[in-house]
Amino acid sequence: IIGRLKDKTCDDLDAVLSRIPMDIPTVDAEREPAFTCRVWMREALRTMHNEGFIQCPDVDAMEAEMWEYGKAAAAAVEDDSFERARLFIAVHSRTV
């Protein structure tokens with residue numbers, strides 16, 4: 001969980017996220033060779049932070065946190081111990 005809608009609606013969030021272009025943002029231009037869903041997610045986190053949906057001042061830290069959750073789930077799939085997806089409350093993002 002990266003945040004909760006308090007005084008904003010799902011429509012508000014949809015309007016903000018739908019404005020994100022399908023291009024590499026200037027801030028990521030030197031580190032990203034191609035546009036991917038991961039690049040879009042990084043820009044979505046920045047946008048939600050800037051628009052007051054979440055507090056996530058460090059997109060790199062949030063991405064690293066999400067990678068750790070994903071790697072743990074992938075390892076469980078690999079060793080056949082995966083039973084169900086787990087819900088995590090993010091350390092590097094919170095509700096405004």
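The protein chain holds three helices and two strands, and this is a predicted model. Along the sequence these elements come in the order α-α-β-α-β. Here is a friendly walk through the fold, from its overall build to its core, its one aromatic pair and a few individual residues.

**Overall build**

- Taken along the principal axes, the C-alpha atoms of the protein chain fill a box of roughly 40 × 35 × 20 Å.
- The protein chain has 96 residues, and 27% of them are buried.
- If you look at contacts with a sequence separation of 6 or more, 58% of them join residues 24 or more positions apart.

**Surface and charge**

- The protein chain exposes an accessible surface of about 6800 Å².
- Carbon and sulfur atoms account for 55% of that surface.
- The side chains include 12 positive and 19 negative ones.
- The centre of the positive set and the centre of the negative set lie 5 Å apart.

**The largest nonpolar core**

- This core has 13 residues, and those that touch the most other members are L17, L45, M48, F53, I54 and M62.
- Three helices, α1 (10-17), α2 (37-50) and α3 (59-78), each bring at least two residues to the core.
- Helix α2 gives the most, with four residues.
- Leaving aside residues up to four places away in sequence, L45 is in touch with I2, I54, V59, M62 and M66.

**Helix α2 and M41**

- M41 is a residue of helix α2.
- With residues up to four places away in sequence again left out, M41 touches E63 and M66.
- M66 is also among the residues that L45 touches.
- M41 and R86 are 45 residues apart along the chain, and their C-alpha atoms are separated by 20 Å.

**The aromatic pair**

- The model has one aromatic pair.
- The ring centres of Y69 and F88 are 4.1 Å apart with the planes at 10°, so this pair counts as stacked, given that stacking calls for planes under 30 degrees apart.
- The two partners come from distant parts of the chain, 19 residues apart: Y69 sits in helix α3, while F88 sits in the loop between α3 and β2.
- Y69 has a relative accessible area of 26%, so it is partly exposed.
- F88 is likewise partly exposed, because its relative accessibility is 26%.

**D80 and its backbone**

- D80 lies in the loop between α3 and β2 (94-95).
- Most residues other than glycine have a negative phi.
- D80 is not a glycine, yet its phi is positive, at about 65°.
- D80 counts as exposed because its relative accessibility is 72%, and exposed means over 50%.

**D11 in helix α1**

- D11 belongs to helix α1.
- The relative accessibility of D11 is 62%, so this residue counts as exposed.
- From C-alpha to C-alpha, D11 and W67 are 28 Å apart in space, with their positions 56 residues apart in sequence.

**Points to take to the viewer**

- Which helix gives the most residues to the largest nonpolar core? It is α2, with four.
- Where is the loop partner of the stacked pair found? F88 is in the loop between α3 and β2, and D80 is found in that loop too.
- Is D11 buried or exposed? D11 is exposed, at 62% relative accessibility.

Terms used. Residues numbered from 1 in each chain as written. Predicted model: local features only at pLDDT ≥ 70, side-chain atom pairs only at ≥ 80, totals over all residues. Heavy atoms only, no water. Buried < 20%, exposed > 50% of the residue type's maximum accessible area, 1.4 Å probe, protein only. Contact = heavy atoms within 4.5 Å. Areas by Shrake-Rupley, 256 points an atom, 1.4 Å probe, with all protein chains shown as cover. Lys, Arg positive; Asp, Glu negative; His and termini not counted. Charge placed at Lys NZ, Arg CZ, Asp CG, Glu CD. Core = buried A, V, L, I, M, F, W, Y, C linked by side-chain atoms within 4.5 Å. Phe/Tyr/Trp six-rings, centres within 6.5 Å; stacked < 30°, edge-to-face > 60°.
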